[in-house]
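Subject: Structure handover

Hello,

Here is the structure I said I would pass on. My notes on it follow below.

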Amino acid sequence: MADKPKPPLQAVALRYQPGQDEAPRVAAKGRSLVAEKILELARRHGVPIRQDRNLVQVLSRLDLEQEIPPDVYRAVAEILAFVYRLSLQRAGTAPQADKEMRAQA
């Protein structure tokens with residue numbers, strides 16, 4: 001029995017500018033080589049990367065600069081909370097309880 005071929009790599013980058021955007025928007029998206037470039041640029045600029053195959057499938061159907069639909073607000077909010085906690089951790093300002101929870105994980 002042969003292994004199934006791996007699906008091509010997909011990536012979607014979001015941006016959110018409070019006061020300007022009502023919801024996060026698709027800033028970049030792509031498959032294969034374009035996805036690799038998006039991830040490379042994110043790493044180079046210290047942008048956190050979160051893997052979620054199902055969410056990428058939904059977001060990749062959107063047009064560039066399109067706001068995310070309300071049905072994925074919760075999933076994206078979880079990612080934004082993850083990014084916020086990570087930025088606090090990197091800055092050394094994460095609340096002590098949050099640091100302890102990460103240590104236990």
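Which residues are linked in a network of salt bridges? They are R15, D21, R25, E65 and E67. Before the details, please keep in mind that this is a predicted model.

Overall layout

The protein has 4 helices and 2 strands. Read from the N terminus, the order of these elements is β-β-α-α-α-α. There are 105 residues, and 22% of them count as buried. Among contacts with a separation of 6 or more, 54% are between residues 24 or more positions apart. The accessible surface is about 8100 Å², and carbon and sulfur atoms hold 54% of that area.

The nonpolar core

The largest nonpolar core has 11 residues: V12, A23, V26, L55, V56, L59, L62, I68, V72, V76 and I79. At least two residues of this core come from each of helix 2 (53–59) and helix 3 (73–91). Helix 2 gives the largest share, 3 residues. As for L59, its contacts beyond the neighbours within four places in sequence are V12, L14, V26, I68 and V72.

Salt bridges

Side chains of opposite charge can pair when their charged atoms come close. The whole structure contains 7 salt bridges, and three of them are described here.

In the pair of D21 and R15, the closest N and O atoms are 2.6 Å apart. D21 is buried, at 6% relative accessible area, while R15 is partly exposed, at 23%.

E67 pairs with R25, with 3.3 Å between the closest N and O atoms. Because E67 sits in the loop between helix 2 and helix 3 and R25 sits in strand 2 (residues 25–31), this salt bridge ties together parts that are 42 residues apart in sequence. E67 counts as partly exposed, with a relative accessibility of 26%. Both of these pairs involve members of the network named at the start, which links R15, D21, R25, E65 and E67.

The third pair is E78 with R74, where the closest N and O atoms are 3.6 Å apart. These residues are 4 apart in helix 3, so about one helical turn separates them. E78 is partly exposed, with a relative accessible area of 43%, and R74 is exposed, at 67%.

Those are my notes on the structure.

Regards

Key: Residues numbered from 1 in each chain as written. Predicted model: local features only at pLDDT ≥ 70, side-chain atom pairs only at ≥ 80, totals over all residues. Heavy atoms only, no water. Buried < 20%, exposed > 50% of the residue type's maximum accessible area, 1.4 Å probe, protein only. Contact = heavy atoms within 4.5 Å. Areas by Shrake-Rupley, 256 points an atom, 1.4 Å probe, with all protein chains shown as cover. Core = buried A, V, L, I, M, F, W, Y, C linked by side-chain atoms within 4.5 Å. Salt bridge = Lys/Arg side-chain N within 4 Å of Asp/Glu carboxyl O.
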